[in-house]
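Trainee: I have a structure in front of me and would like to learn how to read its features one by one. Could we take it slowly, with the general idea before each case?

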Amino acid sequence: MGFLTSTGSRIGQQIEALHGALREEHPGVARMAIALYDPETDLLRTFAQSTLGGSPLVFYDARLDDVTSLKDLAARGGVRVLDDLAQQIWSGSVHSQRLLEKGYLSSLTVPFYEAGALRGFLFYDAVERNYFGPAAVRRLEVYGNLATLLVLGSLATARVLRSAVRMAGHMGQIRDRETGAHISRVSRYAKAIATGLAWEFGLTDEWIEFLGLFTPLHDIGKIGIPDHILLKEGPLAPEELEVMRTHVAKGVELVDSLAREFGVEQLPQLVILRNIVHCHHERVDGGGYPRGLYGGQIPLEARIVTVADVYDGLLSARPYKPAWTEERVLDFMRDRAGTHFDAACVASLLSQWERIREIRECFEGKEPEDLTHEAYLPEL
Ligand SMILES: [Fe+2]
Ligand SMILES: [Fe+2]
């Protein structure tokens, strides 16, 4: 498996095909889009869509709490039909403005659920007023079910892989302590950083979702590190740091052997997971490990995770180090942009300061913190 960064969108293509099929019956449907909901951060985020004439909303997210109409719809179930968008929606929001600019005049919105919990929304938009009559709604609900099955199915496969890797970790000796607030936050930070880079790097919403799904596994190789090193209070001695660093190779072995065992070696998202595990300690100046890769040789997913991981690690107190102040962490990241860290990833983190802070607040006091060593900074 090479250093392919798989930014392509499989589900995007399937949704386009489905959109094409439903347009034979309902040619006025100019856009079909799916957004996923993350209950922990309350964020609703675009995931896949098919649009005639360019997408008005990609890499877009919003707090569900701020979108009252959707929140109400999710709570009561059923569908929402807007027959005249220009009259019925508040044009002050970015979301509404972009839809109106595209000339959409009516819309149908369908929430979808998994095991009773909200997972997201399906949106149809038409360039005519009053397009979504009762018969069209019934037909489009059927297409909608297909689309959500596709989306949930692809996420389920990725989740199986993630659970498999996690379970293998627990069957060995990894501690629950390692799976705490740290990795939940890092996963959300990684998605936020990727969102800021999406246009520049041609990422898809789908890729960003999988990045978030796999980020928590970056340190899975720590299962092979003995407790007296992993949980040592205080800095590691050079020879202990050497042992800590083997967590990368151990993680790659684990991912590869599980992928073989579960028969998911061909899973397109596997490369994202593998790259994260393999390359999250590389540095853009070539001073990282295990291979000392430079700049763009390091897959983007790993460059993103490195920034998210170190940022959160420095801000948190660990048994071997106190928490740094926000100011000190940010100075540190800025100082090392272009040497330790990818400069674009740091810039993206800094530019989304408010979102990052919101994420941090979501997990405050909720989950146990990570107590293990990180092995990224020998001087800490
Ligand atoms: Fe690591
Ligand atoms: Fe970490």
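Mentor: Let us begin with a term we shall need: a residue is called buried when its relative accessible area is under 20%, and exposed when that value is over 50%. Please keep in mind throughout that this is a predicted model.

Trainee: With that cut-off in hand, is D219 buried or exposed?

Mentor: D219 has a relative accessible area of 2%, so this residue counts as buried. H247 is also buried, because its relative accessible area is 1%.

Trainee: Which protein donors does the iron ion (ligand 1) have?

Mentor: The two residues we have just discussed are among them: the donors are D219 through OD, and H247, H280 and H281, each through NE2, and they lie 1.9 to 2.2 Å from the iron ion (ligand 1). Along the sequence these donor residues follow the spacing D-x27-H-x32-H-H. The pair D219 and H247 links distant parts of the chain, since D219 sits in the loop between helix 7 (205-214) and helix 8 (227-230), while H247 belongs to helix 10 (residues 247-261), 28 residues apart.

Trainee: How should I read the angles at this site, and what geometry do the four donor atoms of the iron ion (ligand 1) give?

Mentor: As a general reference, four tetrahedral donors ideally make angles of 109.5 degrees at a metal. Here the angles among the four donor atoms of the iron ion (ligand 1) run from 87 to 178°, and the site is classed as irregular. A second metal belongs in the picture too, for the iron ion (ligand 2) is 5.7 Å from the iron ion (ligand 1).

Trainee: Turning to the strands, in what order do the six strands of the open sheet lie?

Mentor: The general idea is that strands of a sheet pair through backbone hydrogen bonds, either parallel or antiparallel. In this structure the six strands form an open sheet in the order 3-2-1-6-5-4, with antiparallel pairing. Strand 3 (61-63) and strand 4 (80-82) are the edge strands, each pairing on one side only. Strand 2 (residues 43-51) meets strand 3 in the antiparallel sense over three bridges, and within that pairing L43 stands opposite R63 of strand 3.

Trainee: Which helix packs on the sheet?

Mentor: Helix 2 (residues 68-76) does so, touching strand 2, strand 4, strand 5 (106-114) and strand 6 (117-126), and its direction makes about 50° with that of strand 5.

Trainee: Where are the residues other than glycine that have a positive phi, such as D42 and A115?

Mentor: D42, with phi near 65°, is in the loop between strand 1 (29-38) and strand 2, whereas A115, with phi near 50°, is in the loop between strand 5 and strand 6. Their surroundings contrast as well, because D42 counts as buried at 15% relative accessibility, while A115 counts as exposed at 88%.

Trainee: Finally, which residues have the most contacts inside the largest nonpolar core?

Mentor: They are Y124 and I304, in a core of 81 residues. Helix 5 (residues 134-171) gives the most to this core, with 10 residues. Leaving aside neighbours within four places in sequence, Y124 is in contact with several residues, including L22, V29, M32, F132 and Y143. Apart from this core lies another, of 11 residues, with A35, Y37, L64 and L70 among them.

Terms used
Residues are numbered from 1 along each chain as its sequence is written. Chains are lettered from A and ligands numbered from 1 in the order in which they are written. This is a predicted model: local features need pLDDT of at least 70, side-chain atom pairs count only at pLDDT 80 or more; totals for chains, interfaces and linings use all residues. Side-chain values use heavy atoms; hydrogens and water are left out. A nonpolar core is a set of buried Ala, Val, Leu, Ile, Met, Phe, Trp, Tyr and Cys residues joined through side-chain atoms within 4.5 Å. Buried means under 20% relative accessible area, exposed over 50%, partly exposed in between (1.4 Å probe, protein chains only). Helices (H or I, at least four residues) and strands (E, at least two) are DSSP runs, numbered from the N terminus. Contact means heavy atoms within 4.5 Å. Donors are N, O and S atoms within 2.8 Å of the metal (3.2 Å for Na, K and Ca); water is not among the atoms, so sites may look incomplete. Four donors count as tetrahedral if all angles lie between 85 and 135 degrees; four count as square planar and six as octahedral if opposite donors are over 155 degrees apart and all others between 65 and 115; anything else is irregular. Two strands pair if DSSP finds at least two bridges between them. Axes are lines fitted to C-alpha atoms, for helices over the stretch in contact, and angles run from 0 to 180 degrees between N-to-C directions.
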